[in-house]
There are 4 protein chains.
Amino acid sequence: MSTPLPPRYGAPISLAEAKRVMAAAEAECAAQGDWPMVIVIVDGASNLVMVHALDQAQHASIEVAQAKAVTAAKFRRSTKVFEDAVAGGGVGLRMLSVPNCCPVEGGLPLMRDGEVIGAIGVSGMNAVQDGMIAAAGVAGL
Amino acid sequence: MSTPLPPRYGAPISLAEAKRVMAAAEAECAAQGDWPMVIVIVDGASNLVMVHALDQAQHASIEVAQAKAVTAAKFRRSTKVFEDAVAGGGVGLRMLSVPNCCPVEGGLPLMRDGEVIGAIGVSGMNAVQDGMIAAAGVAGL
Amino acid sequence: MSTPLPPRYGAPISLAEAKRVMAAAEAECAAQGDWPMVIVIVDGASNLVMVHALDQAQHASIEVAQAKAVTAAKFRRSTKVFEDAVAGGGVGLRMLSVPNCCPVEGGLPLMRDGEVIGAIGVSGMNAVQDGMIAAAGVAGL
Amino acid sequence: MSTPLPPRYGAPISLAEAKRVMAAAEAECAAQGDWPMVIVIVDGASNLVMVHALDQAQHASIEVAQAKAVTAAKFRRSTKVFEDAVAGGGVGLRMLSVPNCCPVEGGLPLMRDGEVIGAIGVSGMNAVQDGMIAAAGVAGL
């Protein structure tokens, strides 16, 4: 039995699709009490498609959210996978020196028909909360 | 008689304000026949507030639009001023070596009550067309 | 009960305010026996407002002090928070790969009326000593 | 007769000397009607020694003033020399692609006993005005 391969990259997310993701993520921020997040959506090649910085988001989150989205797109998996690897210590610490790897929860791939079409990255509160908003965005696609 | 001073920076543009600018710019792209633009809005300190990349925009425009917006925010004037300086030749060519100066039409400050609260940068068609979309965005504020 | 939100960004620190912070920090350096520090003050958007490099400060400290100030402004908290996270090991090590995060004591936000108006970063001695000078600067505001 | 050599680098400017330069430059800004300048002083090796950003200076000037100071220190001459070279066209345009050369008036070496001990860079108004403030700073040494 052959090793399963990672998901393929598909045609890039459209702006219309990204707007649905963004709207769902923003709605969840509002529902949680106006969490001041930065929400970034990239296509499968890590090109910026949408950025919305909610009022009074910490400025650091602009680059952190982008780093999470890029990580999720370049590695085609949740950034939490890398956070867990770092948390586990030992060999997992190698991910701290891998290019384009931000090992903090809050970055998720965006899929269409089993293919990676982009990714969402969220930053602004703690990492678990960032991950909640990212998941809400994914659900909106 | 003292030299007139440049405009002041005001409180940063809100996401709600930026959404009005973006909607106006996107509407003008649609009206012109779906021009595939990247539209970037930054606050007065050049922090990203919104990015929308329309479908099939050239990838180069992601950074070019951002550079135009940053230039307009950091120098508090239209990027066309620098384009004209370069076009005039002679001493104007010095702007080619000034940090954070993208001397191409399509970047404009966003003003509220006479203060700079952000800037818009547009890239994707030719520079005059980029400037038309940027102006439409400004008018939407 | 909703999650408490982080402090807001306010209007940027003025040069007059920054001079008070700098004078207090320099005075503490002198009181401690002419500690050769680099002291950096940025506004809330991480723009440089003041830099004073005391005689014979190590050159590395110019960028380190700036990194600490930028971290404190971008994350709106003391850089010691990140130092402690790293020291704790496990998942806290993720901060080593977060953009714009210098996890070394010596960076503190500058507040006015409960809002972040800038930050101070100090480097030149050990991190605890750097933090003492930063705290003296904050007290001078 | 041998070719005259450029001035030598001397021991770096002290903070006390830099403060005299800065005070003179700031006083001239005030005298001119509160010109919103960024004033940067580096040592002969281009290390930052002092930065003062006057209130409401354009953000671009932080990097531009630093670029001018670094140019004046690295080449041990006024940045206006390079501006004139660019303005003259022809072979002078080569300076647009020389590293660490900002060819805009407003950067001047700081000399002590015929040796270069640092440089001042000023940005915020037009280049001639920037140069006036830089000259006032030099006179204050």
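Over all chains, this structure holds four aromatic pairs. Before I go on, note that the model is a predicted one.

Let me take two of those pairs. In chain C, the rings of C:Phe75 and C:Phe82 pair edge-to-face, with 5.0 Å from centre to centre and 65° between the planes. In chain D, D:Phe75 and D:Phe82 also form an edge-to-face pair, at 4.9 Å centre to centre and again with 65° between the planes. If you wonder where those two numbers come from, a pair of aromatic rings is described by the distance of the centres and the angle of the planes. The label edge-to-face applies because planes over 60 degrees apart are counted that way.

Are the two rings in chain C buried or exposed? C:Phe75 is buried, and C:Phe82 is buried too. For chain D I have a value: D:Phe82 has a relative accessibility of 5%, so it counts as buried. The cut-off for buried is under 20%.

Next, a single residue in chain A. A:Cys102 sits in the loop that runs between helix 3 (79-87) and strand 3 (107-112) of chain A. Its relative accessible area is 2%, and therefore A:Cys102 is buried. What does A:Cys102 touch, apart from its neighbours within four places in sequence? The contacts are A:Ala67, A:Lys68, A:Thr71 and A:Thr79, together with C:Ser97 from chain C. Take A:Lys68 from that list: 34 residues separate A:Lys68 from A:Cys102 in sequence, yet their C-alpha atoms are 5.6 Å apart in space.

Now to how the chains are arranged. What turn lays chain A on chain C? The turn is 93°, with a shift of 0.6 Å along the axis, and the RMSD is 0.1 Å. Of the residues of chain A, A:Leu96 comes closest to the rotation axis, its C-alpha being 4.8 Å away. Only 8% of the interface residues of chain A are also interface residues in chain C, so these copies meet through different surfaces.

Chains B and D can be treated in a similar way. A turn of 93° and a shift of 0.6 Å along the axis lay chain B on chain D, with an RMSD of 0.1 Å. That is the relation of a four-fold axis. In chain B, the residue closest to the rotation axis is B:Leu96, at 4.8 Å by its C-alpha. Here too the copies use different surfaces, as 9% of the contact residues of chain B recur in chain D.

How values were computed: Residues are numbered from 1 along each chain as its sequence is written. Chains are lettered from A and ligands numbered from 1 in the order in which they are written. This is a predicted model: local features need pLDDT of at least 70, side-chain atom pairs count only at pLDDT 80 or more; totals for chains, interfaces and linings use all residues. Side-chain values use heavy atoms; hydrogens and water are left out. Rings of Phe, Tyr and Trp (its six-membered ring) pair if their centres lie within 6.5 Å; planes under 30 degrees apart count as stacked, over 60 as edge-to-face and the rest as tilted. Buried means under 20% relative accessible area, exposed over 50%, partly exposed in between (1.4 Å probe, protein chains only). Copies are superposed by least squares on the C-alpha atoms of residues with pLDDT of at least 70 in both. Contact means heavy atoms within 4.5 Å. Helices (H or I, at least four residues) and strands (E, at least two) are DSSP runs, numbered from the N terminus.
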